[in-house]
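Let's take a walk through a protein model together, strand by strand and contact by contact. Please have the sequence and the coordinates open as you read.

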Amino acid sequence: MNKKTAALFSAAFLAAAALPAAAIAMPSICVKPDPDVAVMLIQKNGLYGYAEFDGKIIIPPQYQDAADKPAERFPRNRKLLIPVKKGKLWGYIDLSGKTRIPFRYQEAEPFIEQYGTSARVRQNGRDFSIDLKGREVKQ
């Protein structure tokens with residue numbers, strides 16, 4: 001689901017999840033709350049962050065853009081990294097908000113486990129895959 005579609009459902013989702021509407025303007029619509037699922041995308045004042053389903057903000061809105069994939073992509077018990085945009089460049093953070101791969105990419109996609117836990121990125125006009133440490137993966 002894209003961010004525009006998610007915005008259409010935000011009011012109903014906020015009420016259902018009992019999230020503080022003043023703090024969170026737009027959650028990404030996810031399949032269903034699950035104890036193994038960690039976060040949903042939120043937006044405030046044009047910046048993106050992540051919150052748990054109970055409304056607890058775990059990564060305050062501070063990024064110009066962020067992955068808006070279903071929450072299943074970011075399970076609580078995994079060490080997958082989330083692509084976020086700071087300024088004009090993308091990098092990857094973990095669920096604590098710590099930068100794990102520096103902000104150096106013009107584009108960045110989420111990590112995909114079925115492909116050996118790699119992610120597609122674009123740097124200096126060149127597309128390639130990286131691993132969880134930001135090293136280029138030969139394909």
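The paragraphs below go through strand pairing, an aromatic pair and salt bridges.

A few ground rules will help. This is a predicted model, in which local features need pLDDT of at least 70 and side-chain atom pairs count only at pLDDT 80 or more, while totals for chains, interfaces and linings use all residues. Residues are numbered from 1 along each chain as its sequence is written, and side-chain values use heavy atoms, with hydrogens and water left out.

Let's begin with β5, β6 and β7. Strands here are DSSP runs of E with at least two residues, and helices are runs of H or I with at least four, numbered from the N terminus. Two strands pair if DSSP finds at least two bridges between them. Strand β5 (residues 82-86) meets β6 in the antiparallel sense, over five bridges, and within this pairing V84 has G91 as its bridge partner. The two strands make a hairpin with two residues between them, and G87 in the turn has a positive phi of about 70°.

On to the next pairing: β6 and β7 are antiparallel too, with three bridges, and Y92 is partnered by I101 of β7. Five residues separate the strands in this hairpin, where G97 takes a positive phi near 95°. How well covered is strand β6? Of the five residues in β6 (residues 89-93), four are buried, where buried means under 20% relative accessible area, exposed means over 50% and partly exposed lies in between (1.4 Å probe, protein chains only).

Now for the aromatic rings. Rings of Phe, Tyr and Trp (its six-membered ring) pair if their centres lie within 6.5 Å; planes under 30 degrees apart count as stacked, over 60 as edge-to-face and the rest as tilted. The whole structure contains three aromatic pairs. In one of them, the ring centres of Y63 and F103 are 6.3 Å apart and the planes are at 25°, so this pair is stacked. Because Y63 sits in strand β3 (residues 57-63) and F103 in strand β7 (residues 99-105), the pair ties together parts that are 40 residues apart in sequence. Y63 is buried, at 3% relative accessibility.

Further along the chain, four strands form an open antiparallel sheet in the order β8-β9-β10-β11. Why do β8 and β11 each have a side without a neighbour in the sheet? Both β8 (107-108) and β11 (136-137) stand at the edges with a single partner strand, so one side of each is left free of a neighbour there. Inside the sheet, β9 (residues 119-123) and β10 (residues 126-130) run antiparallel and are joined by five bridges; Q123 has R126 of β10 as its bridge partner.

Charged side chains complete the tour. A salt bridge is a side-chain nitrogen of Lys or Arg within 4 Å of a carboxyl oxygen of Asp or Glu, and the structure holds six. One of them joins D94 to R100, with the closest N and O atoms 2.7 Å apart. Here D94 is buried at 11%, whereas R100 is partly exposed at 42%. Elsewhere, R122 meets E107 in a salt bridge (3.2 Å, N to O). This contact links distant parts of the chain, with E107 in strand β8 and R122 in strand β9, 15 residues apart. R122 also forms a salt bridge with D127 (2.7 Å, N to O). Shared partners thus join E107, R122 and D127 into one network of salt bridges.
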